[in-house]
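Me: I am new to protein structures and would love a close look at the cysteines. How many disulfides does a search of the whole structure find? Please then lead me on from there through the rest of the chain.

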Amino acid sequence: MLLKRRTYADSIPLILISRVQKKGRADMELEFDVKVTPGALYDYLLYHTYTGLSGVIGTLVGVFLIMAFMSTRYFIYLIAGVVMIAYLPCSLFLKANQQAVNNTAFRQPLHYKMTDEGISVSQGENEEKQSWDNCVKAVSTPRSVILYTSRATASIFPKKDLGDKQEALIQMISTHMDPKKVKIRF
């Protein structure tokens, strides 16, 4: 028996129908604070890299080099394969730590306010707004919910910071984005 992994987007019609039947279309609003740590940034970088072409190709080349070592017994293939496979995660770890230290936006918590109109993120006196229409996709990892605001930039919501607001965040994203753009698993 094959089991299909369900995403939160699969249950959107049920949520919307029950909401409409119970109390009509109410304005949704959600506020929370997150602190982007080096671990959360590393989680995002791993996801972003290994779901892209460069991460997949790098891993495949490393695997082929190790297979070449197994058939030829030339240690240079083994060394090159291990380097190819280990280099990317190690460099991403260093990059995450460097960005967390050097980027002033990651030093203090970010305050998010999500409404029916869009997303507002503030820190101190700075505030930026983004409409839901401009969001590219939403995904989840075991440690974070990631909302891409462009192909290369994203808002990272560490699950440990969300606490009991995680389900409300997922519902807010799923309600305001096209279901084809939402790949959140729970």
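Reply: Happy to help! A disulfide is a pair of cysteine sulfur atoms within 2.5 Å. A search of the whole structure for such pairs finds 0. Before we look at the cysteines, please keep in mind that this is a predicted model, in which local features need pLDDT of at least 70, side-chain atom pairs count only at pLDDT 80 or more, and totals for chains, interfaces and linings use all residues. Residues are numbered from 1 along each chain as its sequence is written, and side-chain values use heavy atoms, with hydrogens and water left out.

Now for two cysteines. Cys 135 is buried because its relative accessible area is 2% (buried means under 20%, exposed over 50%, and partly exposed in between, with a 1.4 Å probe and protein chains only). Cys 90 has 47% relative accessibility, so it counts as partly exposed.

Let's place them in the whole chain. There are 6 helices and 8 strands (DSSP runs numbered from the N terminus: H or I of at least four residues for helices, E of at least two for strands). Along the sequence they come in the order α-β-α-α-α-β-β-β-β-β-β-α-α-β. The chain has 186 residues, and 36% of them are buried. Its exposed area is about 11800 Å², with 60% of that supplied by carbon and sulfur atoms (areas come from the Shrake-Rupley method with a 1.4 Å probe, and for residues only the protein chains shown count as cover). Contact means heavy atoms within 4.5 Å. Of the contacts in the chain with a separation of 6 or more, 60% are between residues 24 or more positions apart.

Cys 90 falls within the residue range of α4 (75–102), and this helix brings us to the surface. Together, α3 (53–72) and α4 each supply at least two residues to a nonpolar patch. The patch covers about 850 Å², and its members include Leu 53, Phe 64, Met 84 and Ile 85. The rule for patches is that their residues have over 30% relative accessible area and no salt bridge; like charges are joined within 9 Å, and nonpolar side chains (Val, Leu, Ile, Met, Phe, Trp, Tyr) within 5 Å. Helix α3 gives the most, with 8 residues. Val 61, one of the patch residues, lies in α3 and counts as partly exposed because its relative accessibility is 34%.

Between α3 and α4 there is a loop that holds Arg 73. This arginine counts as exposed because its relative accessibility is 56%. Its phi is near 65°, a positive value in a residue other than glycine. Most residues other than glycine have a negative phi.

The model also lets us link places that are far apart in sequence. Thr 37 sits in the loop between β1 (29–34) and α2 (38–50), and its C-alpha atom is 8.5 Å from that of Asn 97, 60 residues away along the chain. In the loop between α4 and β2 (110–115) we find Ala 105. The C-alpha atoms of Ala 105 and Lys 35 are 9.5 Å apart, with their positions 70 residues apart along the chain. Ala 105 also contacts Leu 110 and Gln 123, leaving aside neighbours within four places in sequence.

Cys 135 comes before β5 (residues 137–140), the strand that contains Ser 140. Ser 140 has a relative accessibility of 15%, so it counts as buried. Its side chain reaches the backbone nitrogen of Arg 185 at 2.9 Å. Residues touched by Ser 140, not counting those up to four places away, include Val 145, Lys 159 and Ile 184.

Further along, helix α6 (residues 166–176) is mostly covered, with 8 of its 11 residues buried. Among them are Leu 169, Met 172 and His 176.

Last comes a charged pair. The whole structure has 1 salt bridge (a side-chain nitrogen of Lys or Arg within 4 Å of a carboxyl oxygen of Asp or Glu). Asp 161 forms it with Lys 160, and the closest N and O atoms are 3.8 Å apart. Lys 160 is exposed because its relative accessible area is 64%, while Asp 161, at 25%, is partly exposed.

Note on methods. Polar contact = N/O pair within 3.5 Å; in protein donor to acceptor, adjacent residues only side chain to side chain.
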